[in-house]
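Grab a coffee and work through a few short exercises on the model below. Each one comes with a solution that goes step by step.

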Amino acid sequence: MTAKQLVVPLSEMKSFVERCMTKVGTKKDHAESLAELLTVADYRGHYSHGLNRLEMYIRDVQSGTTSISEDSPTIVKQTVSTALVDGRNLLGPVVGKFCIDLAITKAKDTGIGWVVAKDSNHFGIAGWYSMRVCQQGLVGLAFTNTSPVVVATRSKVATLGTNPIAVAAPANNGDSFVLDMATSTAALGKVEINHRKDMSIPNGWGVDKDGRQTNNPEDVLRDGGLMPLGGAEESGGYKGTGLAMMVEMFCGIMAGSKYASNIRSWKSSKEMAHLGQCFVAIDPGAFAAGFTDRMSDLLDHQRNLEPIDAENSVLVPGDPERQHMSQCDTSGGIPYHPNQIDFANNIAKELEIEPMKIATACK
């Protein structure tokens with residue numbers, strides 16, 4: 001029998017994250033930036049990067065490996081269209097928001113803004129940054145490297161991160177193209193969620209310590225790793241390996257930050273992450289006129305294709321998230337598995353703060 005989902009209002013999810021982070025000493029505005037990212041992640045259905053990630057941020061602050069100082073990100077060098085930013089080891093969403101807003105400003109002035117950051121931390125869902133650009137009528141891209149959890153094609157050891165790619169582009173009438181994907185077949189957080197729910201994982205998600213495919217999430221989390229996008233070599237896994245390396249080039253290598261197996265182990269709180277990140281804003285008006293018209297035509301054409309199953313229409317990037325947000329709006333908040341709420345309650349008990357308030361239960 002499927003456990004009933006417990007619904008938490010968006011405002012309460014955001015407030016809970018803020019309570020947790022301020023309790024461990026985070027500045028209020030920095031806590032608010034993180035809370036917005038985690039809430040949006042779960043609201044859009046990316047549960048791997050919402051509440052599921054909260055404990056990691058708490059541990060990094062408690063251990064001192066993420067700074068909670070009064071510092072702000074600083075521009076190390078820049079041109080009219082580019083910039084290198086020092087994240088000062090602050091919370092990733094604080095660094096990311098600074099960088100993407102800088103890229104937007106440059107794009108509006110020159111047609112493109114390309115900003116890379118060094119010494120940053122986990123910044124939440126990459127799509128949040130690209131969507132922030134899209135809201136300004138621009139095309140947005142965001143990338144980050146991560147701790148090495150992906151086992152490259154033909155290898156046994158995890159040396160690459162999930163290294164996500166996010167691209168968002170505006171269309172007409174508020175519509176948009178929003179691609180937000182890991183360069184692994186699945187994000188590590190999805191494996192963690194399945195493990196927390198006592199569920200197996202699909203083929204192609206991960207390998208055990210010997211580099212062999214497994215359906216047991218514990219094998220992946222204990223001594224194994226994720227598979228690159230495409231899975232096994234014969235199904236195109238080498239392409240995912242290449243994409244992950246491309247993100248490393250844009251992020252760690254271009255920013256002069258740590259990269260690949262030089263980055264700390266996943267969830268290690270013994271050393272700083274020193275992540276590299278990349279943020280791009282492009283003004284489509286600098287190119288051919290009618291961008292949003294053609295974008296809308298492309299989106300509508302794909303959506304109107306005849307589906308294999310009449311009950312499941314063809315979707316474009318961003319549609320699954322829009323559907324999930326609509327369901328949340330109807331339910332009055334974000335639905336969580338009871339085990340996820342237990343996880344939040346344990347955090348609240350440890351920090352001695354008010355636990356998360358539940359609105360309702362649903363199937």
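**Exercise 1.** Find out which residues of the largest nonpolar core touch the most other members.

*Solution.* Keep in mind that this is a predicted model. Start with the core itself: it has 59 residues, and M13, F16, M21, L51 and L54 touch the most other members. Next, zoom in on M13. Skipping residues up to four places away in sequence, M13 touches V8, L38, T39, D42, G50, L51, I334, Y336 and M356. Finally, don't overlook the second core, which is separate, counts 18 residues and includes F143, V167, A169 and F250.

**Exercise 2.** Take T39, one of the residues M13 touches, and decide whether T39 is buried or exposed.

*Solution.* First, place it: T39 sits in helix α2, residues 28-43. Then check its relative accessibility, which is 7%; buried means under 20%, so T39 counts as buried. Last, look at who surrounds it. With neighbours within four places in sequence left aside, T39 is in contact with L10, M13, K14 and I334.

**Exercise 3.** Do the same for T66: where does T66 lie, and what is it in contact with?

*Solution.* T66 lies in a loop, the one between α3 (54-63) and β2 (74-78). Its relative accessibility is 3%, so T66 counts as buried. As for partners, and again ignoring neighbours within four places in sequence, T66 is in contact with D60, V61, N89, L90, L91 and N121.

**Exercise 4.** Describe how α3 and α11 pack.

*Solution.* Two numbers do the job here, since two packed helices are described by the angle between their axes and the distance between the axes. For α3 and helix α11 (residues 338-351), the angle is about 25 degrees and the axes are 11 Å apart. Angles under 35 degrees count as roughly parallel, so α3 is roughly parallel to α11. Now list the residues that meet: L54, E55, I58, R59 and Q62 come from α3, while F343, I347, E350 and L351 come from α11. Sorted by class, that contact has 5 nonpolar, 1 polar and 3 charged residues.

**Exercise 5.** How many aromatic pairs does the structure hold? Work out the geometry of W114 with F250, then of Y129 with F279.

*Solution.* There are 7 aromatic pairs. In the W114 and F250 pair, the ring centres are 5.4 Å apart and the planes stand at 75 degrees, so this one is edge-to-face. W114 belongs to strand β4 (residues 112-120) and F250 to helix α8 (residues 237-255), so the pair ties together parts that are 136 residues apart in sequence. W114 counts as partly exposed at 26% relative accessibility, whereas F250 is buried at 15%.

On to Y129 and F279: centres 5.6 Å apart, planes at 70 degrees, so edge-to-face. Here helix α5 (residues 127-134) supplies Y129 and strand β13 (residues 275-282) supplies F279, so the parts tied together are 150 residues apart in sequence. Y129 is buried at 0%, and F279 counts as buried at 0% too. Both belong to one aromatic cluster with F123 and W128.

**Exercise 6.** Why is α5 largely enclosed by the rest of the structure?

*Solution.* Count first: 7 of the 8 residues of α5 are buried, so the helix is largely enclosed. By name, these are G127, W128, Y129, S130, M131, V133 and C134. Then ask what they pack against: α2, α4 (92-110), β5 (139-144), β8 (165-170), β9 (176-181) and β13.

How values were computed: Residues are numbered from 1 along each chain as its sequence is written. This is a predicted model: local features need pLDDT of at least 70, side-chain atom pairs count only at pLDDT 80 or more; totals for chains, interfaces and linings use all residues. Side-chain values use heavy atoms; hydrogens and water are left out. Helices (H or I, at least four residues) and strands (E, at least two) are DSSP runs, numbered from the N terminus. Buried means under 20% relative accessible area, exposed over 50%, partly exposed in between (1.4 Å probe, protein chains only). Contact means heavy atoms within 4.5 Å. A nonpolar core is a set of buried Ala, Val, Leu, Ile, Met, Phe, Trp, Tyr and Cys residues joined through side-chain atoms within 4.5 Å. Axes are lines fitted to C-alpha atoms, for helices over the stretch in contact, and angles run from 0 to 180 degrees between N-to-C directions. Angles under 35 degrees count as roughly parallel, over 145 as roughly antiparallel, 65 to 115 as roughly perpendicular and the rest as oblique. Ala, Val, Leu, Ile, Met, Phe, Trp, Tyr, Cys and Pro count as nonpolar, Asp, Glu, Lys and Arg as charged, and the others, Gly among them, as polar. Rings of Phe, Tyr and Trp (its six-membered ring) pair if their centres lie within 6.5 Å; planes under 30 degrees apart count as stacked, over 60 as edge-to-face and the rest as tilted.
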